[in-house]
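Thanks for coming. I'll put the structure up and then go through it piece by piece.

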Amino acid sequence: MANASGFFTHPTVSGSRISKRVVLCSSVDEHASSPSPSQYRPPRLVPRGCKLIGSGSAVPSLLISNDDLAKIVDTNDEWIATRTGIRNRRVVVSGKDSLVGLAVEAATKALEMAEVVPEDIDLILMSTSTPDDLFGAAPQIQKALGCTKNPLAYDITAACSGFVLGLVSAACHIRGGGFKNVLVIGADSLSRFVDWTDRGTCILFGDAAGAVVVQACDIEDDGLFSFDVHSDGDGRRHLNASIKESQTDGALSSNGSVLGDFPPKRSSYSCIQMNGKEVFRFAVKSVPQSIESALQKAGLPASSIDWLLLHQANQRIIDSVATRLQFPPERVISNLANYGNTSAASIPLALDEAVRSGKVKPGHTIAASGFGAGLTWGSAIIRWR
């Protein structure tokens, strides 16, 4: 199995410059002639890199403050802010917003920054655990963007780690499949699955979308240096939103069943169930290890990283991870106070705001890490543009 390291290039540091040693990176030579069956040879492999060239984000219009929550649950602004760092969050309102709409808005902004038109998109990856349709949202985004060449579009379900896994997938498609422009979107509307009477969870979550354009480039310009990704299904007991059967099914009368338990009852998903203490322990232990592993695979010291960008789950988690990695606070990107935990959207949303504010500049190197339900976690060492 290919290791989860970015698997293609290992940058090494020489003075203040980052150079890259090619380990494995391939695409088909588009100019090679087609041999006859009897003369067939495997296509020549060509080193190929990929880089992030555009970002965008979108949030719902409805803002819910801590004071607003205090009106429906036993809490207050100080209690929430002290424990989480969150003061506001945005929430999708039925009839006014949709997850697809937010994703399309974020994607459009990313394409505009990248100066890539929808017709040139080869692939759309929608990282979400809360699609508007059970069968996925990516094809709807493809249609809404006006991608006339019908590029492949599919969803990735990995909750708060989804965006990092989207970057991994984009790199694989570009380096191994010959794709040129890949749109990676992280978008979630967890407010649909929050118990708004449970102050332990309802204070945490918000809705948003973020997107980046990942483009093929010469190997010398590669900007996705390494990845480190993991899962542990045993941790599901600490964070989940499980399927549940309806207590009653109005579609069938009591004598409508023909085979005892068949037809099955309609199903839905429970509200988010979370053991906050265990999730905190998992994050502050696993995330630093993952980032250190990604740095080692990239051949980079922590001192070469300009920004630390973590999934925006809880400010205490962000601070604890930064402390363990000895990252100074001024080099940590955080917009948690304004949006709460937006799941797969949190990393691209924070990245886009940092780019547009001028904080993240071309050439800056970022250590990004997502972690959450599954349990799934992963890190990426990337360079902006």
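I'll start with Gly162, which sits in helix 5, residues 162–177. This is a predicted model, so please hear everything that follows with that in mind. Gly162 counts as buried, because its relative accessibility is 1%. Leaving out residues up to four places away in sequence, Gly162 touches Ser127 and Ile156. Met126 is 36 residues from Gly162 in sequence, and the two C-alpha atoms are 8.6 Å apart.

Next, confidence. The chain has a mean pLDDT of 88, with 84% of its residues at 70 or more. The stretch to be careful with is residues 1–30, where pLDDT stays under 50. The model still has 86 contacts beyond four places in sequence for that stretch. Where pLDDT is low, the predicted coordinates should not be read in detail. I will leave that segment there.

Now the sheet. It is an open sheet of five strands, in the order 10-18-17-15-16, with mixed pairing. Strand 10, residues 224–231, and strand 16, residues 332–333, are the edge strands; each has a single partner strand, so one side of each has no neighbour in the sheet. Strand 15, residues 307–310, pairs with strand 17, residues 365–372, in the parallel sense, over four bridges. One residue pair to look at is Trp307, whose bridge partner in strand 17 is Ile366.

Helix 7, residues 315–324, packs on this sheet and touches strands 15, 16 and 17. The direction of helix 7 makes about 140° with that of strand 15. Helix 5 lies across strand 10, strand 17 and strand 18, the last being residues 376–383. Helix 5 runs at about 125° to strand 10.

On to charged pairs. How many salt bridges does the structure hold? There are eight, and I'll show three of them, starting with Arg175 and Asp222, whose side chains meet at 2.5 Å, N to O. Arg175 is in helix 5 and Asp222 is in the loop between strand 9, residues 207–217, and strand 10, so this pair ties together parts that are 47 residues apart in sequence. Are these two buried or exposed? Arg175 has 0% relative accessibility and therefore counts as buried. Asp222 is also at 0%, so Asp222 counts as buried too.

The second pair is Asp234 and Arg237, where the closest N and O atoms are 2.8 Å apart. Here both residues are exposed.

The third is Glu278 with Arg281, with 2.6 Å between the closest N and O atoms. These two are three residues apart in helix 6, residues 276–298, so about one helical turn separates them. Glu278 is partly exposed, with a relative accessible area of 27%. Arg281 counts as partly exposed as well, at 48% relative accessibility; the cut-off for exposed is over 50%.

Last item, helix 9, residues 346–356. Helix 9 is mostly covered, with nine of its eleven residues buried. Among the buried ones are Ile347, Leu349, Leu351 and Val355, and the list also includes Ser346 and Asp352. After helix 9 comes Gly358, which has a positive phi, near 90°.

To recap two points: Arg175 and Asp222 form a salt bridge, and residues 1–30 have pLDDT under 50. That's what I have.

Note on methods. Residues are numbered from 1 along each chain as its sequence is written. This is a predicted model: local features need pLDDT of at least 70, side-chain atom pairs count only at pLDDT 80 or more; totals for chains, interfaces and linings use all residues. Side-chain values use heavy atoms; hydrogens and water are left out. pLDDT is the predictor's confidence in each residue, from 0 to 100. Contact means heavy atoms within 4.5 Å. Buried means under 20% relative accessible area, exposed over 50%, partly exposed in between (1.4 Å probe, protein chains only). Two strands pair if DSSP finds at least two bridges between them. Axes are lines fitted to C-alpha atoms, for helices over the stretch in contact, and angles run from 0 to 180 degrees between N-to-C directions. A salt bridge is a side-chain nitrogen of Lys or Arg within 4 Å of a carboxyl oxygen of Asp or Glu.
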